[in-house]
Amino acid sequence: MQEKGTISIHTENIFPIIKKFLYSDNEIFLRELVSNAVDATQKIKRLASLGQYNGEVGEPLVEVSFDETAKTITISDNGLGMTADEIKKYINQIAFSGATEFMEKFKEANDANEIIGRFGLGFYSAFMVADQVEIQTLSYQDGAEPARWICDGSTEFEISEGSRTTRGTDIILHVNAESEEFLDKSRLQQILDKYAKFLPVPIKFGERTDSVPDGEDEEGKPKYMDVQSDNIINETNPIWTKAPSELKDEDYLSFYKELYPFSEDPLFWIHLNVDYPFNLTGVLYFPKVKNDFDFQRNKIKLFSRQVFITDEVKDIVPEFLMLLHGVIDSPDIPLNVSRSFLQADSNVKKINTYITRKVADKLNDLFKADRKAYEEKWNDIGLFVKYGYVSDEKFSEKAKDFVLLTNTAKETFTLNEYKEKVEPVQTDKDGQLVYIYTNDPDKQDTFIQSAGKKGYDVLLMNSPIDNHFVSHLEQKLEKTSLKRVDADVADKLIKKDDAPATVLTDEQVTQVKAVFEKAITKPNYKVELESLNPEELPVTVTMDEFMRRMKDMAAMGGGGGMGFYGNFPDSYKVVVNGNHKLITRILETGDEATQSQLAKQAFDLALLSQGLLTGAELTEFVNRSVNLI
Ligand SMILES: Nc1ncnc2c1ncn2[C@@H]1O[C@H](COP(=O)(O)OP(=O)(O)OP(=O)(O)O)[C@@H](O)[C@H]1O
């Protein structure tokens with residue numbers, strides 16, 4: 001048997017194009033060829049179970065080997081093999097409808113995966129690294145002859161009698177000059193670790209030597225001997241393929257350690273297992289999250305039938321769950337995913353929804369089953385529960401029952417509990433609930449104390465997500481607004497009817513205002529007299545809640561015209577408590593210098609309590625204080 005022919009595509013120069021285009025991620029040739037080999041061993045098993053093959057199936061095995069001198073890499077399997085006719089059918093007729101279509105489409109393709117996936121060019125990825133590709137194969141079929149196919153990457157091929165004596169296939173790559181990096185043990189090991197670590201069929205790569213006990217020597221000491229065995233690089237039954245009932249916590253933890261050797265133990269995990277309307281298995285872990293968003297991204301590995309595809313799961317896993325670790329395996333996601341595919345695929349959207357639901361259910365279960373343990377974990381999970389609450393409508397719907405609020409006394413509440421707690425005291429005269437929060441309990445301590453005196457509770461909102469969380473709460477909660485504790489003096493944070501009456505006449509108000517305006521030389525500080533509780537501080541410096549939020553958003557790069565606010569200088573309100581006895585003192589001294597000194601001192605004290613007094617102003621304050629005592 002000897003036959004020469006032309007591969008049936010119409011465009012002569014297609015290989016150079018494939019080669020050039022695919023060059024960037026050429027390591028995937030190994031993934032493609034090993035996957036084909038695995039498929040071949042699984043197919044023979046299936047044929048046997050269907051009664052279409054009566055021979056010995058044996059233990060499936062795929063072997064990857066290389067020869068530095070001959071410059072070859074060989075992928076061998078004991079799968080179903082191919083007859084010469086099958087080679088012609090499956091290998092020669094490239095599995096796409098026509099070269100014209102390919103030529104048309106490749107222009108818009110974004111990456112190699114996209115081309116391979118769309119046109120079924122798995123086998124041909126071999127030409128990314130090889131000048132010449134050879135197949136030696138023997139089919140399982142009765143009376144089959146071994147066949148050999150060789151092709152140099154042009155459209156010319158040759159089929160002849162092969163030399164294989166056992167059922168299965170060898171794919172021999174004659175590695176090209178640019179790809180010699182692959183003729184290296186550790187490089188190949190690395191690629192296999194990446195893509196083949198959890199394949200369902202044993203993958204052999206070289207041999208390993210183990211030292212095993214071998215009785216005792218004359219002196220009674222234990223003896224050891226070296227035993228050679230196949231170096232199997234993969235775990236054929238990783239935990240996500242097993243039923244949760246078969247697994248113990250240790251199994252999940254040790255798998256986690258295997259995936260992320262240097263990480264702390266995860267907080268908990270979710271075993272995913274669904275077969276309708278799409279097929280998906282996996283284990284997602286909740287890591288200990290520090291307050292750094294990006295650092296731990298891309299920790300979820302995506303598999304398709306145990307073949308690693310990518311760790312960029314952006315479109316499959318909801319954005320807010322990108323901090324999770326673990327694996328997802330779905331045969332409904334093709335081996336060669338590309339970004340444009342993922343975005344368009346309806347299964348992907350369903351998977352996304354499913355994962356969101358599972359995560360929400362798990363959190364809800366944890367919360368219900370052991371609230372104390374849940375609260376202890378809140379430090380770590382709070383970040384993504386809040387992230388999910390603000391960014392994902394479906395999640396938010398469920399999370400409203402287990403998202404927690406923490407106050408400055410470190411007590412935690414659900415949204416409902418908190419509402420009940422503060423409703424009696426923190427409802428304003430129009431029936432609007434006002435939640436008060438701090439984002440910096442040290443800096444805002446004076447304000448927190450004042451709010452406390454009025455019986456107000458202060459929430460802690462000092463994580464990176466809290467800016468968004470606050471706005472979102474305001475949208476979600478009925479008749480509720482949130483104010484930072486320093487947005488106004490405590491008396492005015494929540495508008496009530498019982499404001500203390502002013503003791504000053506209009507004329508006195510004007511007089512005091514003038515004193516302060518003269519004493520305060522800083523720009524953008526606007527003086528206002530208010531009639532507050534006499535116990536309150538004589539002067540308080542505040543920044544309007546709305547203005548501050550706009551500026552915060554502008555600082556975080558928020559779009560929608562926020563940049564406009566960023567250009568405003570900070571502007572503050574200087575609230576002078578007209579009912580404080582200091583004001584009476586100011587009015588009583590006729591001496592302008594003393595008036596100014598008292599006003600300055602009170603103003604600086606207000607700045608000082610908020611950490612706003614620094615540099616030369618601070619020195620001046622200290623000197624003035626020394627003079628006063
Ligand atoms: N090791 C092998 N043993 C038996 N048949 C094989 C082997 N490798 C390839 N084949 C045959 O060649 C065909 C074409 O392989 P190729 O990798 O190009 O495409 P595919 O596996 O069908 O799709 P994909 O693009 O997903 O890899 C396979 O479907 C299979 O029939």
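In this predicted model, strands β12 (residues 300-304) and β13 run antiparallel and are joined by 3 bridges. One pair to look for there is Phe303, whose bridge partner in β13 is Phe308. The two strands belong to an open, mixed sheet of 5 strands, and reading across it gives β10-β11-β14-β12-β13. The outer positions go to β10 (268-274) and β13 (307-310); each of these has a single partner strand, so one side of each has no neighbour in the sheet. From one strand to its neighbour, the turn averages 20° when direction is ignored.

Further along the chain comes another open sheet, this one with 3 strands in the order β20-β22-β21 and, again, mixed pairing. Here β20 (525-530) and β21 (539-542) are the edge strands, pairing on one side only. The average twist between successive strands is 25°. Strand β22 (residues 572-577) runs parallel to β20, with 6 bridges between them. Glu530, for instance, has Asn577 in β22 as its bridge partner. A helix also lies against this sheet: α20 (residues 592-609) packs on it and touches β21 and β22, with its direction at about 45° to that of β21.

Helix α20 has a helical neighbour as well. Its axis and that of α16 (residues 506-519) come within 9 Å of each other and cross at roughly 70°. Angles of 65 to 115 degrees count as roughly perpendicular, and α16 and α20 therefore fall into that class. On the α16 side the contact is made by Val515, Phe516, Lys518 and Ala519, while α20 brings in Gln595, Ser596, Ala599, Lys600 and Phe603.

Stepping back to the whole protein, there are 21 helices and 22 strands. Of its 629 residues, 36% are buried. Counting contacts with a separation of 6 or more, 71% are between residues 24 or more positions apart. What about the nonpolar interior: how many residues does the largest nonpolar core have? That core has 138 residues, and Val34 and Ala126 are the ones with the most contacts inside it. Helix α2 (residues 28-49) supplies the largest share, 9 residues. As a general point, nonpolar side chains in soluble globular proteins tend to be buried together. For Val34, leaving out residues up to four places away in sequence, the residues touched are Val62, Val64, Ile75, Ala196 and Ile203.

Helix α2 also holds Glu32, a residue that comes up in the database record. An unreviewed UniProt entry lists Glu32 under "binding site", together with Asn36, Asp77, Met82, Ser97, Gly98, Thr169 and Arg339. Is Glu32 buried or exposed? There are 23 other C-beta atoms within 10 Å of its own, so Glu32 is buried, the cut-off being 20 or more. Beyond its neighbours within four places in sequence, Glu32 is in contact with Gly122, Phe123 and Ser125.

Lys476 makes a handy contrast. This lysine sits in helix α14 (residues 466-476). With 15 C-beta neighbours inside 10 Å, Lys476 counts as partly exposed. Lys476 and Gly122 are 354 residues apart along the chain, and their C-alpha atoms are separated by 50 Å.

That leaves the stretch around strand β5 (residues 147-151), which is mostly covered, with 4 of its 5 residues buried. Strand β4 (residues 130-138) runs antiparallel to β5, and the two are joined by 5 bridges. Within this pair, Gln136 has Arg148 of β5 as its bridge partner. Strand β6 (residues 156-161) is likewise antiparallel to β5 and is also joined to it by 5 bridges. Trp149 stands opposite Ile159 of β6. Between β5 and β6 the hairpin has 4 residues, and in this hairpin Gly153 takes a positive phi near 90°. When tracing side chains here, it helps to recall that those of a regular strand alternate between the two faces of the sheet.

Conventions: Residues are numbered from 1 along each chain as its sequence is written. This is a predicted model: local features need pLDDT of at least 70, side-chain atom pairs count only at pLDDT 80 or more; totals for chains, interfaces and linings use all residues. Two strands pair if DSSP finds at least two bridges between them. Axes are lines fitted to C-alpha atoms, for helices over the stretch in contact, and angles run from 0 to 180 degrees between N-to-C directions. Two residues are in contact if their C-beta atoms, placed from the backbone, lie within 7 Å. A residue is buried if 20 or more other C-beta atoms lie within 10 Å of its own, exposed if 12 or fewer, and partly exposed in between; C-beta atoms are placed from the backbone. A nonpolar core is a set of buried Ala, Val, Leu, Ile, Met, Phe, Trp, Tyr and Cys residues joined through C-beta atoms within 7 Å. UniProt positions are given in the numbering used here, feature names are shortened, and annotations may be inferred rather than shown by experiment. Angles under 35 degrees count as roughly parallel, over 145 as roughly antiparallel, 65 to 115 as roughly perpendicular and the rest as oblique.
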